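Q: I have a new model open and want to learn to read it feature by feature. Where should we begin?

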Amino acid sequence: MSARALSRSVGGIASRIRPAHVGQRNASTSAQKDLKETLNEVIPVKREMLKKLKAEHGRKVLGEVRVENAIGGMRFAFPSRHPHLYNDFLMGWVNRGIKGMLWEGSVLDANEGIRFHGKTIKDCQRVLPKGTSGKEMLPEGMFWLLLTGQVPTVEQVRGLSRTLAENAGLPDFVEKMLDNMPTTLHPMTQCASSFPPTATYSSLQL
């Protein structure tokens with residue numbers, strides 16, 4: 001699929017999940033916080049939590065490091081011999097059993113499977129907003145949960161879908177770059193290759 005076709009598809013998907021009555025939609029979403037406003041509330045709280053954790057427990061030792069642990073580089077794994085680490089806060093990247101980075105977005109358990117902020121896939125399917133078919137959760141809802149740790153409302157997810165669709169356009173040179181890629185190139189490689197060039201238009205540039 002070409003970049004233009006992909007962009008049109010994103011817009012089409014968003015249009016299909018919008019409520020039928022535009023006036024009612026705007027009235028319902030105006031009273032609820034969007035993703036940016038939600039993050040503005042969540043991030044300061046999280047910063048204070050980490051600040052307190054570092055102040056009270058910053059000198060505590062999490063484990064030992066051996067030469068055999070260091071060989072092979074960092075990888076994503078959660079050792080079963082550390083069951084006390086299976087919670088939403090102290091999960092981290094580990095290097096063959098060495099805790100290396102704080103991570104709370106997801107936890108991988110050999111028996112339960114993956115959890116996202118404490119919720120299993122079945123939990124997410126049950127509580128996250130669904131598309132108009134009513135059968136499956138929308139990816140925008142999962143994205144919201146991963147970023148904030150909160151379950152969004154239907155209106156919040158619809159609003160995020162519209163925002164993504166409104167900003168789905170790509171610069172011409174990026175579309176040409178993607179269209180010129182071999183059709184055999186892996187989709188994730190194409191996706192990863194498209195991000196750096198768009199930074200030219202990002203409002204987050206330093």
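A: Begin with a definition. A nonpolar core is a set of buried Ala, Val, Leu, Ile, Met, Phe, Trp, Tyr and Cys residues joined through side-chain atoms within 4.5 Å. Buried means under 20% relative accessible area. Keep in mind that this is a predicted model.

Q: Which residues make up the largest nonpolar core?

A: F116, C124, L128, M142 and L145, 5 residues in all. Take M142 as a way in. Leaving aside residues up to four places away in sequence, M142 touches F116, C124, L128 and M137.

Q: What about the whole protein chain: how many helices and strands are there?

A: The protein chain has 9 helices and 5 strands. Read from the N terminus, the order is α-α-α-α-β-β-β-β-β-α-α-α-α-α.

Q: How much of the protein chain counts as buried?

A: Of its 206 residues, 31%. The accessible surface of the protein chain is about 14,200 Å². Carbon and sulfur atoms hold 59% of that surface.

Q: What share of the contacts links residues 24 or more positions apart?

A: Count the contacts with a separation of 6 or more. Residues 24 or more positions apart account for 45% of them.

Q: Now the sheet. What is the strand order, and how do the strands pair?

A: The order is β3-β4-β5, in an open sheet of 3 strands with antiparallel pairing. Its edge strands are β3 (106–109) and β5 (119–120), each pairing on one side only.

Q: What joins β3 to β4?

A: A hairpin, through 3 residues. Strand β4 covers residues 113–116, and 4 bridges tie it to β3 in antiparallel fashion. For one facing pair, look at V107, which stands opposite R115 in β4.

Q: What is unusual about the phi of H117?

A: Start with the general idea. Most residues other than glycine have a negative phi. H117 is not a glycine, yet its phi is positive, about 50°. H117 sits in the loop between β4 and β5.

Q: Is H117 buried or exposed?

A: Buried, because its relative accessibility is 16% and the cut-off is under 20%.

Q: How do I check a helix such as α3 against its expected span?

A: Use 1.5 Å a residue. Helix α3 (residues 35–57) has 23 residues, so it should span 33 Å. Its end C-alpha atoms are 31 Å apart, which agrees.

Q: Which residues of α3 are buried, and what do they pack against?

A: An α-helix has 3.6 residues a turn, so residues three or four places apart point the same way. In α3 the buried residues are L35, T38, L39 and V42. They pack against α6 (139–148) and α7 (154–166).

Q: What happens at the start of α3?

A: Look at D34. One of its side-chain oxygens reaches to within 3.2 Å of the backbone nitrogen of K36.

Q: And where does V65 lie?

A: In the loop between α3 and α4 (67–70). V65 counts as exposed because its relative accessible area is 60%, and the cut-off is over 50%. V65 and K99 are 34 residues apart along the chain, with their C-alpha atoms separated by 9.5 Å.

How values were computed
Residues numbered from 1 in each chain as written. Predicted model: local features only at pLDDT ≥ 70, side-chain atom pairs only at ≥ 80, totals over all residues. Heavy atoms only, no water. Helix = DSSP H or I, 4+ residues; strand = E, 2+ residues; numbered from the N terminus. Buried < 20%, exposed > 50% of the residue type's maximum accessible area, 1.4 Å probe, protein only. Contact = heavy atoms within 4.5 Å. Areas by Shrake-Rupley, 256 points an atom, 1.4 Å probe, with all protein chains shown as cover. Pairing = 2+ DSSP bridges. Expected span 1.5 Å × (residues − 1). Polar contact = N/O pair within 3.5 Å; in protein donor to acceptor, adjacent residues only side chain to side chain.
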